[in-house]
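Here are some notes on side-chain contacts, written for a colleague with the model open. Have a look at the structure, then go through the points in order.

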Amino acid sequence: MSGEKDIDTLIDDLSADLSPVKRIFKPFLWVSPWFVVAMAYLGGVINFLGLRMDLSTKIHEMPFIFEMGLTGMIAVSAGYSAGWLAIPDMREQRWMLAVPTTFFAVFMLFILSAVITSGVHIESLSWHHCFSDALLMAVVPISTLMLLLKRGATTHPYWMSFMSVLSVGALGWASLRLTCPADHLGHTLLFHFLPFILCAVVLGSLARRIYRW
Amino acid sequence: MWQDWAGKAQQGDKDAYSLLLRDIVPYIRNFIRPRVANEDWIDDITQDVLISVHKSLHTYSPDRAFKPWLSAIISFRKTDFLRRHYNARDHKQASTDDPAFLREHVTEPGAAGEWKDIEKALAQLPEKQRQVFTLMRIEGYSAQEVADKMDMSVSAVKVSVHRTTNKLKDILE
């Protein structure tokens with residue numbers, strides 16, 4: 001019976017502590033400002049690093065257009081899924097997770113097909129500015145997204161971390177493709193993809209702590 | 001009704017909030033009861049859930065059903081509680097000399113003395129065999145964990161536990 005007494009006391013305390021809350025009405029609208037901030041930041045970084053010289057040619061190549069479109073869709077769908085994940089029951093829209101996951105699977109197949117057809121020439125493991133450029137592109141978007149998502153109450157911290165990194169990673173990948181003229185897979189996988197994998201590993205291992213509530 | 005109370009609570013209505021919290025307690029308890037082994041945990045998890053409802057009230061949308069939202073929180077907190085509990089491995093110790101514990105947790109407290117017979121039987125086994133059996137069957141380690149600890153293969157651990165079980169049956173019969 002002491003348990004019931006504790007619960008009664010707790011309810012009284014919680015009720016006394018209640019104040020009006022600012023509701024997360026629509027996760028879609030809630031996450032949108034983050035996209036604006038992330039795009040503005042990445043625009044600034046791209047401007048600072050400079051666009052690749054052959055961009056006018058590249059934007060007429062079908063595989064490049066497909067790749068940019070696909071990464072854009074991954075970024076948007078993963079970002080919004082992360083917003084829905086901030087709600088305990090995802091407003092019963094769990095199917096949403098399938099969208100960015102499917103896009104990401106298609107992206108991985110796209111990379112795999114390029115590996116099979118062109119092969120991979122792994123570059124020597126020396127420091128390359130693209131690695132730091134990727135981290136520069138990731139740091140502000142991922143931090144601001146994490147701060148935003150921490151205001152929610154996720155019951156899926158690992159999915160939340162995965163979706164956050166997927167969204168930021170896709171934006172970063174697309175941005176790097178606009179600034180770096182190197183197209184061969186050895187370079188892109190090592191210096192464009194690996195930094196985001198590292199982000200995913202770090203964020204994944206800290207997911208439960210970061211999104212604790 | 002819960003939907004309505006939750007909506008009012010979001011606007012700061014303390015009475016509606018108190019009604020809501022009191023009304024959801026039986027639902028929380030009934031949700032948890034079949035999923036946990038110990039009756040005492042139900043109150044602990046219920047309190048965790050109530051605090052979580054308080055912390056995450058802003059994520060609820062009154063135009064949607066309340067139960068799925070609440071159930072997601074209960075499920076999350078229950079898993080969280082069990083994970084913390086089993087990580088601490090405080091489930092491995094139980095005293096058969098404590099009558100209150102026996103009354104609450106042992107189906108047949110009168111048969112608790114049998115544990116002492118098992119201890120005696122275990123003492124008759126070779127050291128390594130006893131250690132493997134104790135780790136896996138009493139302390140709750142997995143076969144893989146025991147294999148790593150004892151520097152054995154997983155299949156050797158399983159075979160050892162199987163043989164020890166048969167041996168104990170022979171001794172105790």
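1. A definition to start with: patches are made of residues with over 30% relative accessible area and no salt bridge, and nonpolar side chains are joined within 5 Å. With that in mind, look at the nonpolar patch that A:Leu194, A:Ile197, A:Leu198 and A:Val201 form on the surface. Together these residues have about 310 Å² of accessible area. A:Leu194 is found in helix α8 of chain A, and its relative accessibility of 32% makes it partly exposed. Bear in mind throughout that this is a predicted model.

2. On to the rings. Searching the whole structure gives 17 aromatic pairs over all chains. Take A:Phe104 and A:Phe162: their ring centres are 6.1 Å apart and the planes stand at 75°, so this pair is edge-to-face. A:Phe104 belongs to helix α5 (residues 98–118) of chain A and A:Phe162 to helix α7 (residues 157–179), so the contact ties together parts that are 58 residues apart in sequence.

3. Are those two rings buried or exposed? Neither, strictly speaking: A:Phe104 is partly exposed at a relative accessible area of 22%, and A:Phe162 is also partly exposed, at 31%. The cut-off for buried is under 20%.

4. Chain B has an aromatic cluster worth a look. One cluster is formed by B:Trp2, B:Tyr27, B:Phe31, B:Tyr60, B:Phe66 and B:Trp69. One of these rings, B:Phe31, has the charged end of B:Arg35 sitting over it, 4.1 Å from the ring centre.

5. Which ring does the charged end of B:Arg77 sit over? That would be A:Trp213, a residue of chain A, with the charged end 4.5 Å from the ring centre.

6. Now the salt bridges, of which the structure holds 15 over all chains. A:Lys58 pairs with A:Asp183, and the closest N and O atoms are 2.8 Å apart. This pair links distant parts of the chain, 125 residues apart: A:Lys58 sits in helix α3 (residues 55–58) of chain A, while A:Asp183 is in the loop between α7 and α8 (185–210). A:Lys58 is buried, with a relative accessible area of 8%, whereas A:Asp183 is partly exposed at 32%.

7. A:Asp183 has another partner: its side chain meets that of A:Arg177 in a salt bridge, 2.8 Å from N to O. A:Arg177 counts as buried, with 5% relative accessibility.

8. For a local example, go to chain B. B:Asp4 and B:Lys8 form a salt bridge whose closest N and O atoms are 3.7 Å apart. Both residues lie in helix α1 (residues 2–10) of chain B, 4 residues apart, which is about one turn of the helix. B:Asp4 is partly exposed at 44% relative accessible area, and B:Lys8 is partly exposed at 37%.

9. Back in chain A, which residues do salt bridges with shared partners join into one network? The members are A:Arg52, A:Asp54, A:Lys58, A:Glu61, A:Glu67, A:Arg177 and A:Asp183. I'd keep this network on screen when reading points 6 and 7 again, since A:Lys58, A:Arg177 and A:Asp183 are among its members.

Definitions and conventions:
Residues numbered from 1 in each chain as written. Chains lettered and ligands numbered in written order. Predicted model: local features only at pLDDT ≥ 70, side-chain atom pairs only at ≥ 80, totals over all residues. Heavy atoms only, no water. Phe/Tyr/Trp six-rings, centres within 6.5 Å; stacked < 30°, edge-to-face > 60°. Helix = DSSP H or I, 4+ residues; strand = E, 2+ residues; numbered from the N terminus. Buried < 20%, exposed > 50% of the residue type's maximum accessible area, 1.4 Å probe, protein only. Lys NZ or Arg CZ within 6 Å of the ring centre and 35° of its normal. Salt bridge = Lys/Arg side-chain N within 4 Å of Asp/Glu carboxyl O. Patch = residues over 30% accessible without salt bridge, like charges linked within 9 Å, V, L, I, M, F, W, Y side chains within 5 Å. Areas by Shrake-Rupley, 256 points an atom, 1.4 Å probe, with all protein chains shown as cover.
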